[in-house]
Amino acid sequence: MRNAETFLSPQSQIRNSQSAFHNDAVHLVYRLRMRTSSPFAITTALSAGLALLLAVSVAAQRGGRGAPPVPSTPTPPGPQHVEDLKREAAADVDSMRVMTQQMVDQVFSFGELGFQEFETSKYLTGVLEKNGFKVERGYAGVPTAWFATWGSGKPVIAIGSDIDDIPQASQKPGVAYHDPIIEGAPGHGEGHNSGVPLNITAALAVKKIMEREHLPGTLKLWPGVAEELVGTKAYFIRSGLFRDVDVSLFAHVGANLGVGWGGGFGTGLVSVEYSFTGESAHAAAAPWRGRSALDAVELMDVAWNFRREHLRLQQRSHYVITNGGDQPNVVPQNASVWYYFRETDYEHIKALRAIGDTLAKAAAMMTDTTVTSRILGSAWPQHMNKTVAETMYANILSVGLPTWDAADVALAKGIQKELKQPEVGLATRIGPLRGGQDPELNMGGPSDDIGDVSWVVPTVTLGYPANIPNLPGHNWANAIASATPIAHKGVTAGAKVQAMTIIDMLMRPELVQGAWDYFRNIQTKDQKYIPFITDADQPAITMNAKILDRYRAEMKKYYYDPTKYKTYLEQLGITYPTVR
Ligand SMILES: [Zn+2]
């Protein structure tokens with residue numbers, strides 16, 4: 001990873017690819033990557049952003065700790081007939097606008113949390129089957145996981161995006177203030193409802209061309225199940241989903257079109273639940289006979305919070321108590337605490353988790369309880385492929401941003417004003433191609449388990465403009481745009497880029513070759529993928545089941561019915577935009 005070719009000059013690193021959010025609360029440092037001259041730079045005026053700016057400027061004054069700048073430019077156009085087919089695919093994506101809108105709205109209305117995406121997966125696989133794809137369901141022991149293939153032979157292009165949503169983020173789309181559809185219910189407070197619809201539209205456009213032109217190659221669509229828990233991608237790898245894949249194209253919602261390559265940003269993580277077992281007793285009559293598992297949880301948390309002072313600045317760690325006992329007069333015999341241990345590379349993540357294990361054992365000793373632990377999720381730090389990113393970026397420049405109308409901008413400014421953020425409206429300029437960063441300059445940040453995939457096959461993530469800049473992430477506010485014309489237009493633009501990039505990879509073998517050259521000779525030269533999960537670990541498929549049990553019946557009343565309503569906004573009777 002420390003190879004010179006993965007770095008750009010420090011000055012080129014200060015960028016922000018707008019407000020795309022992955023699994024963590026604020027997808028900040030990953031997105032602190034836009035040039036300071038960009039209008040979005042104002043969004044970086046947050047403390048973590050300033051810390052990174054400071055670190056970079058200090059490094060620059062020292063002469064820079066990274067390697068010299070390496071040019072990174074969009075891949076030049078291919079032969080004319082390839083460019084013609086790409087243009088044709090983009091036009092076809094445009095012609096599928098209504099279908100795209102219906103898919104985006106439909107998945108939004110299901111609003112399912114990680115591992116409970118039953119309606120979502122049933123619907124999306126249904127669309128794919130209707131269009132000639134072969135579907136395998138229940139993949140890797142995950143009931144809501146699947147993959148869908150069409151075509152035959154090489155190259156195999158994997159096309160993925162996440163499908164789960166956020167607890168308590170229920171929100172009426174198109175309304176620029178907090179107004180839940182169902183109070184307390186989950187909702188698409190990140191925008192994961194639009195990524196697989198984007199991929200389906202792109203794949204259908206490419207499939208038509210492949211059929212007519214008799215192009216060899218296989219399209220393999222797959223969903224990021226439980227991404228908010230970083231819960232499945234390592235298991236998909238273990239089950240062999242990417243074993244035959246040549247290039248992996250991922251898509252993630254953001255507030256602009258964008259793509260990047262290299263590593264040195266954000267974090268990876270291990271998510272571990274520690275469960276303590278003690279002995280119950282009457283908490284007043286015979287407390288001395290009890291051994292409190294809750295005491296162990298609290299002691300572990302106190303120890304961690306003291307230890308925190310002596311951890312690297314790059315680390316992020318946080319916990320919630322998932323079981324704190326039943327009632328005060330019964331000494332808790334069981335208690336559990338769930339930690340995320342985040343660091344910027346594999347060794348540091350492992351070391352951080354080891355500290356957690358030690359403190360858990362120490363807490364058990366202090367309380368005469370016992371402790372077990374299990375992994376609930378994991379993610380490698382991301383490292384994206386240079387050749388594929390440069391190719392996708394050329395297509396991004398060719399497609400350009402959607403044309404926003406006054407209503408779109410009014411909604412965006414409405415919620416930005418509501419949240420006391422700069423009223424910048426929507427993205428109007430595409431940012432630069434984001435290159436890798438010196439790991440020394442990485443100040444940490446969020447994670448995404450597409451990181452694991454990026455270490456087994458050349459991968460990039462397409463950011464597409466289906467959301468509004470300057471939102472907090474993992475929040476009801478991020479759901480506002482997600483079933484409106486902003487999302488519909490952004491997904492159509494993204495689907496064009498995705499379709500064009502798939503065609504590039506199908507028809508220009510030198511690009512696939514270049515991708516693997518970078519992957520083998522630069523990215524993985526000194527660092528190989530070692531999964532955080534062991535053979536004994538299993539996906540945490542029962543997570544979120546209770547929440548869905550509680551809300552499902554009520555949520556069903558609001559599922560989108562495209563046979564009766566043109567849009568979900570129309571079904572909900574929402575005037576677009578509704579602004580205070
Ligand atoms: Zn995400």
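**Figure 1. Asn470, a buried loop residue with positive phi.** In this predicted model, Asn470 has 21 C-beta neighbours inside 10 Å. The cut-off for a buried residue is 20 or more, so Asn470 counts as buried. Its place is the loop between strand S10 (459-465) and H13. Phi of Asn470 is near 70 degrees, a positive value in a residue other than glycine.

**Figure 2. Asp368, an exposed loop residue with positive phi.** Asp368 lies in the loop between H9 and S9. Its phi is positive, about 55 degrees, although Asp368 is not a glycine. Is Asp368 buried or exposed? It has 12 C-beta neighbours inside 10 Å, and so it counts as exposed. The limit for that class is 12 or fewer.

**Figure 3. An open antiparallel sheet of four strands.** The strand order is S7-S8-S6-S9. Which strands form the edges? They are S7 (316-323) and S9, each of which pairs on one side only. From one strand to the next, the twist averages 20 degrees. Two helices pack on this sheet. Helix H8 (residues 293-307) touches S6, S7, S8 and S9. The direction of H8 makes about 20 degrees with that of S8. Helix H9 (residues 346-367) also touches S6, S7, S8 and S9. The direction of H9 makes about 10 degrees with that of S6.

**Figure 4. Strand S6 and its two partners.** S6 spans residues 268-277. Eight of its 10 residues are buried, so the rest of the structure largely encloses this strand. To strand S8 (residues 334-343), S6 is joined by 10 bridges. To strand S9 (residues 370-379), it is joined by nine bridges. S6 runs antiparallel to S8 and antiparallel to S9. Several residue pairs fix the register with S8. Val270 stands opposite Phe341. Ser271 has Tyr340 as its bridge partner. Tyr274 stands opposite Val337. Towards S9, Leu269 stands opposite Ala379. In a regular strand, side chains alternate between the two faces of the sheet.

**Figure 5. Strand S8 and its pairing with S7.** S8 is mostly covered, with eight of its 10 residues buried. How many bridges join S7 to S8? There are seven, and the two strands run antiparallel. One opposed pair is Val320 and Trp338, the latter in S8.

**Figure 6. The largest nonpolar core.** This core holds 146 residues. Ile157, Val206, Ala296, Met300, Val460 and Ala499 touch the most other members. Which element gives the largest share? Helix H13 (residues 485-507) does, with 13 residues. The core draws at least three residues from each of domain 1 (82-265 + 381-534) and domain 2 (268-379). In soluble globular proteins, nonpolar side chains tend to be buried together.

**Figure 7. Contacts of Val206.** Val206 is among the core residues that touch the most other members. Leaving out residues up to four places away in sequence, Val206 touches Ala89, Leu219, Ala499, Ile502 and Ile503. Ala499 also belongs to the group with the most core contacts.

**Figure 8. Helix H5 and its packing.** H5 covers residues 118-130, which is 13 residues. From first C-alpha to last it reaches 18 Å, close to the 18 Å expected at 1.5 Å a residue. Which of its residues are buried? They are Glu119, Thr120, Ser121, Leu124, Thr125 and Leu128. An α-helix has 3.6 residues a turn, so residues three or four places apart point the same way. The buried residues of H5 pack against helix H4 (97-110), helix H6 (195-213), and strands S1 (134-137), S2 (146-152) and S4 (217-224). Gly132 follows H5, with a positive phi near 90 degrees.

**Figure 9. Cis peptide bonds at Pro155 and Pro577.** The bond from Lys154 to Pro155 is cis, with omega near -5 degrees. Pro155 sits in the loop between S2 and strand S3 (156-162). Tyr576 and Pro577 are also joined by a cis bond, and here omega is about -10 degrees. Pro577 lies in the segment after helix H16 (568-572).

**Figure 10. The whole chain, as context for the close-ups.** The chain has 16 helices and 10 strands. Of its 580 residues, 57% are buried. Among contacts between residues at least 6 apart in sequence, 83% join residues at least 24 apart.

Note on methods:
Residues are numbered from 1 along each chain as its sequence is written. This is a predicted model: local features need pLDDT of at least 70, side-chain atom pairs count only at pLDDT 80 or more; totals for chains, interfaces and linings use all residues. Two strands pair if DSSP finds at least two bridges between them. A nonpolar core is a set of buried Ala, Val, Leu, Ile, Met, Phe, Trp, Tyr and Cys residues joined through C-beta atoms within 7 Å. Domain bounds come from an automatic or database domain assignment. Two residues are in contact if their C-beta atoms, placed from the backbone, lie within 7 Å. Axes are lines fitted to C-alpha atoms, for helices over the stretch in contact, and angles run from 0 to 180 degrees between N-to-C directions. The expected span of a helix is 1.5 Å times one less than its number of residues.
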